[in-house]
Amino acid sequence: MSERNRNQLPNNLPQLQNLIKRDPESYREEFLQQYRHYQSNVEIFRLNPQQYNKSLDDLVMFLAQVAHAYPEGLADFPQELKDLLKQHCTVLDPSLRMTFCRALILLRNKSLISPTSLLELFFELFRCQDKLLRKTLFTHIVTDIKNINAKHKDNKLNTTLQNFMYTMLRDSSAVAAKQSLGVMVELYHRNVWNDAKTVNVIATACFSKVTKIMVAALKFFLGKDEDEEHGSDSDSEEEGPKVKDLMLRHTVAHKTRKRQKKLDKALKAIKKHKKNKKAEPFNFSALHLLHDPQDFAEKLFKQLESSTERFEVRLMTMDLISRLIGLHQLILFNFYPFLQRFIQPHQREVTRILLCAAQASHAQVPPDILQQMLMTIANNFITERNSNEVMTVGLNAVREICARAPLGMGEDLLRDLAQYKNYRNKNVLMAARSLIQLYRQVNPALLHKKDRGIPTEASAEVKALQYGEVDVKDYVAGAEVLPEDIPQQEGEDDEWEEASCSDDDDDDSEGWVDVHHSSDEEQGDDTTQDSEKLTPEVAKRKAAAISQSRILTQAELQLIRAKQISKEMVKAAPKGKGKKRKHVQIQDKETSAELPSLSDIERIHKKPKSDKETRLATIQAGREGRGKFGGKKDYRKNPRSSTTNKEKKKNKAFMMMKQKKQVRGKSKRSFRDKQIALRNSLLKRKKQS
């Protein structure tokens, strides 16, 4: 029987492969026989590379599987495969080409090939018109580079591949260039190649002549790649019940219709919670790694001015330029008049263009340039001939621009816009009041006296900065409320010793209860009364002395924060008498450092009434996937099937059924039988309700 199996080995490669993996030395002769067979097939293949060779296909995979068992005999095998792919990759049969690539991947996984030469070959194979092959190579390249850099960064390999990819981005084949760019973007999102060199190589793709490559690079910098959204979903721990637990609970428990409904309802609630919890990703770290943002923005704008691409592509370029200007505070004067050409209510995607204007605004832009843009928005949007929504969007855009560059607003324009605070539409009214509230905190002198609100201690300290002026403080603002000398409590050391002793005696936490901590609050009350009497110059000197003399504790910082908040609430009175304001909206002043979002521009406080068609569409959308209401529920699996005989009896006429034995037997039932039947009927109704 063994002789018979042995004779079959030359033709049964899977069996021979299994035996060689178990005992390589015993089957060396069979292996050499198959290797000679492979060499003869390669010579035949070279004569006609376009023809598919089934024998060569099987032998290549067989040799790749057993290559680790005979490393000296197959030393030239990987190089021979790479040479065949380089010479005939474009004319090879797709199945045979895929087999060669899978064999090389298998050899690379067994560490029999160096990664540099193999990955460069795979990048060149992106030129082949084979979608399945490109997908396989893309997955392997990303996985291989990730595994190489798993334990420590291989800088030599990374530098070599990055230099090679820089040449691939300029390749004549658009498909190969786009796949190479996709590899770099994927490795950046996986935190493998997240250095400045990768980002700057990707930045060169923004100037590609191929639209798909340029759009992919723009999406990378704008943070809109869909693959990024799936990165952190699996890592984050979710609160509340999980889908797996609910399904397991339903599987174990007794299955009823009521429990099935509860399960469906719970799954729908979890799905809705996940949908609401998912936030739009904005990762601007790539923009921070650019070597020369000013030069990059200027080249992008020059390309934008002469661009003939679709409007969506030009809009993405505008968005990227505006983010660069706002993030790095660049100076690009020609960009603002370019945006003004598109600031019209009838312009497509006008809210995104207004968002670009807000993103490109910062304190270093000269006020004259921003005043022209604000006047354009006011003339085209904030007029009564436009709809209420258009006016609201215009006021919101003006507020976002002024939040980042308050000097761009003139006194006359601000007072004109402030008059919309009593407009008949609530959306316009709220947008105008938010603009007034902004300048109450930034520069109240520009507002009309009646719009400045009740003067508070915080508004009295507001100082309007001129263009180029920076308010730098060498002390912690509000530190004057603290005492200059640190008070030493009597017996403080004794209390700590007693507390530590009580800890050693027993493990109860009662020893810590006697420690007195209310002195900070008493000091805060005393110091706030003293600080109210201080003049601004004295308060500033005192705050500087306190800030430079010691490190402030967390309790002292909380006291300072509470005092700063109270300044927004307490009315400034010359005689020291103050009243608390009832309705005060305290906003965070650090929002100007962040880039605005589209929801800030499109914010609508009151939704307009929808017409009949919109309401009907909403109703129809809500009925999808919902059971029928009203009438008796049909629990048949197939709604077209017939009803049961029991259900048919209920619909028959009484004259047809009165002669039945069951009907006549009802009148002859005993009182006990009727009592049991009534009880069962009531219990059944109770369950159904």
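1. Let's start with K197, which sits in helix α11, spanning residues 196-204. This is a predicted model, so please read the distances below as computed values. K197 counts as partly exposed because its relative accessibility is 31%. Beyond its neighbours within four places in sequence, K197 is in contact with T159, Q162 and N163. With N163 there is also a polar contact, side chain to side chain, at 2.9 Å. If you want a longer-range pairing to look at, try H291: it lies 94 residues from K197 along the chain, and the two C-alpha atoms are 8.9 Å apart.

2. Next, the nonpolar interior. Which residues touch the most other members of the largest nonpolar core? They are Y38 and F221, in a core of 148 residues. F221 is a nice one to display with its surroundings: setting aside residues up to four places away in sequence, F221 touches V199, I202, A203, C206, A286, L287, L290, F296, L320 and R323. Another core lies apart from the largest one; this other core has nine residues, including Y475, V481, I546 and I560.

3. Helix α23 deserves a look of its own. It covers residues 426-442, 17 in number, and reaches 24 Å from its first C-alpha to its last, close to the 24 Å expected at 1.5 Å a residue. At the start of α23, a side-chain oxygen of N425 comes within 2.9 Å of the backbone nitrogen of N427.

4. How is α23 placed relative to the rest of the structure? It is largely enclosed, because 12 of its 17 residues are buried. The buried set consists of N427, V428, L429, A431, A432, S434, L435, I436, Q437, L438, Y439 and Q441. These buried residues pack against two helices, α21 (388-404) and α22 (411-418).

5. Finally, the cysteines. How many disulfides does a search of the whole structure find? Zero. Two cysteines are worth checking by eye, and C128 holds the closest cysteine sulfur for C89 and for C101. For C89 the separation is 4.4 Å, too far for a bond, given that a disulfide needs sulfur atoms within 2.5 Å. For C101 the separation is 7.6 Å, so a bond is ruled out there too. As for their surroundings, C89 is buried with a relative accessible area of 14%, and C101 is buried with a relative accessible area of 1%.

Methods. Residues are numbered from 1 along each chain as its sequence is written. This is a predicted model: local features need pLDDT of at least 70, side-chain atom pairs count only at pLDDT 80 or more; totals for chains, interfaces and linings use all residues. Side-chain values use heavy atoms; hydrogens and water are left out. Helices (H or I, at least four residues) and strands (E, at least two) are DSSP runs, numbered from the N terminus. Buried means under 20% relative accessible area, exposed over 50%, partly exposed in between (1.4 Å probe, protein chains only). Contact means heavy atoms within 4.5 Å. A polar contact is a pair of N or O atoms within 3.5 Å; within protein, one must be able to donate a hydrogen and the other to accept it, and residues adjacent in sequence count only if both atoms are side-chain atoms. A nonpolar core is a set of buried Ala, Val, Leu, Ile, Met, Phe, Trp, Tyr and Cys residues joined through side-chain atoms within 4.5 Å. The expected span of a helix is 1.5 Å times one less than its number of residues.
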